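Visitor: Could we go through this structure together? I should like to begin with how strands are counted as paired.

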Amino acid sequence: MDLWKKTFWKEVEGKHSLIVSVPLSCQLVILFCHISRGLKEQVLLKMHSKKQGPVKYYVGIDVGSASVRAALVDEFGTVVAHADQPIQIWEPQPDHYEQSSADIWAACCLVTKKVVCGVDASQIRGLGFDATCSLVVVDKQFQPLAVNCEGQNYRNVIMWMDHRAVSQVERINATQHRVLNYVGGVMSVEMQPPKLLWIKENLQESCWEKAGYFFDLPDFLSWKATGVTARSLCTVVCKWTYTPDGGWDDSFWKMIGLEDLVKDKYEKIGNHVLSPGESVGNGLMPEAAKDLGLPEGIAVAASLIDAHAGGLGVIGADVKGHNLPCENQPITSRVAMICGTSSCHMGVSETPIFVPGVWGPYFSAMVPGLWLNEGGQSATGKLIDHVVRGHVAFPELQSKAAASACSIYTYLNSHLDLIKKSLPVGFLTVDLHVWPDFHGNRSPLTDLTLKGMVVGLTLSRGLDELALIYLATIQAIALGTRHILEAMKAAGHDINTLFLCGGLSKNPLFVQMHADITGKPVVLSKEVESVLVGAAILGACASRDFASIQEAMAKMGRIGRVVQPNHEHKRFYDKKYKVFLKLVEHQREYRSIMNSS
């Protein structure tokens, strides 16, 4: 049993130190994690009774859009140490987003060394990666190749949110090829085939002809760790059109003009596919072990896309005793929402369900043996940040939040409580409405051309107005979730509970609005870093300490707070939803008018 005594922070010469009082009967392990870029040193403690045997640990590494994070997670699903490191994003022109695989790997090494500092190496059993579904390009010697016209080789990653391949994806969708049935009927510009076609058409000599391998970023990381070029079933099924029963479809690649990939038997994009959590090669190779500060030869798991790792970390948790509608129901009654820069909505089914505008069904892409449907919103956290930071009152917000020693979003939530008076806070937007597709619609409309909309602006420029547009934006994102869930329900899903994780799940207003607007309870993970827990679950499975991913999910995924919807607010949000649907209807009408002769 873990024992904790009173702890407190003390400022010493401008640095934070942790002063700890513990009983002598406990073994104390202190993990010092110096968090980069001016953040304070984070000291995490884990104390175990001498009567217990050695605890087994797993390392999860998560590569997000703007940072790399690592966690040391024990066999019970507790995050005992974590650290993060920013990574660079280049935007050489609008809708072009690029990164560096070298920069990403260096960040992986830095954060991993921090979280395992002071831990007995023999207790670290496995390593799992997850990452954004970005495209990594290397030559035949695995050296980075430029994905840009400037010839900057270190910028060899086309990010998931890059929308340069609009023309290419339109032509791919015009083929109406049968593989499109497994991506909601319409391929997204964020998937890999249109990006590959863009490279061939725009960088033929400098990149396409020199390329040796095209990796999804999660697969690049497992290669970097093991030297094995195997791909994860998750990445190739969800982003590349691979099917578990039929593999690659030659006719699709030939039809879209990428027959080159067929000729070399798909060596460049993967002809060896492993299930997520399956052990890759002979484990961690010596060079990578030295870089990461981990024991050589420990199990390395076939990886997951970041959203899928978040789903793995929360969707299988035991909910007994919480009076939830999904208790004693199959896992198919749940949807996992991973909410960060963008949001993904992961629902599983025992048989394939085809949902127009929602990706999938993908077999065994997240939970082995189950079909996955994946809805999504391309900009959520990024949209909230864009709206708040672009407002004229943002400098005032920044200074007041700093003076109150809290985040800008905590301050905005408190400010909304001040101005709501006797009303429920959500009712403040009765005449302010937002359509949130500032970066196009991924689900369920799959319309890249849609734009954001705001109805109800005034000449006011103060903090009250900033708080209101912030609230309306959060509500719009939640209304978009309702739109996705209704499309899934119409196709045959029966979902009654939301499981949230990711950065936005830490915002109580975001969580409550999702409960109220969808009318469903929201379950938050006990560990807020559910994506990292999901990555660690992969490492645990690869180590064979658990018999299956399902067993690891049940034992390592644990729920924390449950947020119930305010059913008395249902009529208000039903009306907001009607307005929400009218907004996109009107936008399309406006476009039709302007395009008419």
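Guide: Two strands are taken to pair if DSSP finds at least two bridges between them. Please keep in mind that this is a predicted model.

Visitor: Then what is the strand order in the open sheet of four strands?

Guide: The order is S8-S11-S10-S12, and the pairing is antiparallel.

Visitor: Which strands stand at the edges?

Guide: Those are S8 (98-99) and S12 (211-216); each has a single partner strand, so one side of each is left without a neighbour in the sheet.

Visitor: How many bridges join S8 to S11?

Guide: Two bridges join S8 to S11, which covers residues 157-158, and these strands run antiparallel. In one of the bridges, Gln99 has Val157 of S11 as its partner.

Visitor: Moving on to the interior, which residues of the largest nonpolar core touch the most other members?

Guide: They are Leu196, Ile199, Phe214 and Trp253, in a core of 91 residues. Helix H16 (residues 530-542) supplies the largest share of this core, namely nine residues.

Visitor: And what does Phe214 touch?

Guide: Leaving out residues up to four places away in sequence, Phe214 touches Leu135, Val136, Val137, Leu196, Ile199, Trp208, Arg231, Trp240, Leu261, Lys268 and Ile269. Apart from the largest core lies another one of 62 residues, including Ala487, Leu500, Leu509 and Ala515.

Visitor: Now Ala225: is it buried or exposed?

Guide: Ala225 has a relative accessibility of 0%. Buried means under 20%, so Ala225 counts as buried. Ala225 belongs to helix H5 (residues 217-226).

Visitor: What is Ala225 in contact with, neighbours within four places in sequence aside?

Guide: Its contacts are Trp105, Phe129, Gly283, Leu284, Met285, Ala288 and Val300. Ala225 and Val280 are 55 residues apart in sequence, and their C-alpha atoms are 9.3 Å apart in space.

Visitor: Let us turn to pockets. What volume does the second largest pocket have?

Guide: The volume of the second largest pocket is about 400 Å³. There are 17 lining residues, and those closest to the centre of this pocket are Leu432, Gly456, Leu457, Glu465 and Ile469.

Visitor: Which helix gives the most to that lining?

Guide: Helix H14 (residues 463-491) does, with four residues.

Visitor: How does the lining of the second largest pocket divide by class?

Guide: The lining has nine nonpolar, six polar and two charged residues.

Methods: Residues numbered from 1 in each chain as written. Predicted model: local features only at pLDDT ≥ 70, side-chain atom pairs only at ≥ 80, totals over all residues. Heavy atoms only, no water. Core = buried A, V, L, I, M, F, W, Y, C linked by side-chain atoms within 4.5 Å. Buried < 20%, exposed > 50% of the residue type's maximum accessible area, 1.4 Å probe, protein only. Contact = heavy atoms within 4.5 Å. 1 Å grid on protein atoms, 1.4 Å probe; cavity = no way out; pocket = protein on both sides within 12 Å on 5 of 7 lines; lining within 4 Å. Points joined across faces, edges and corners; volume = space filled by probe spheres on them. Nonpolar A, V, L, I, M, F, W, Y, C, P; charged D, E, K, R; others polar.
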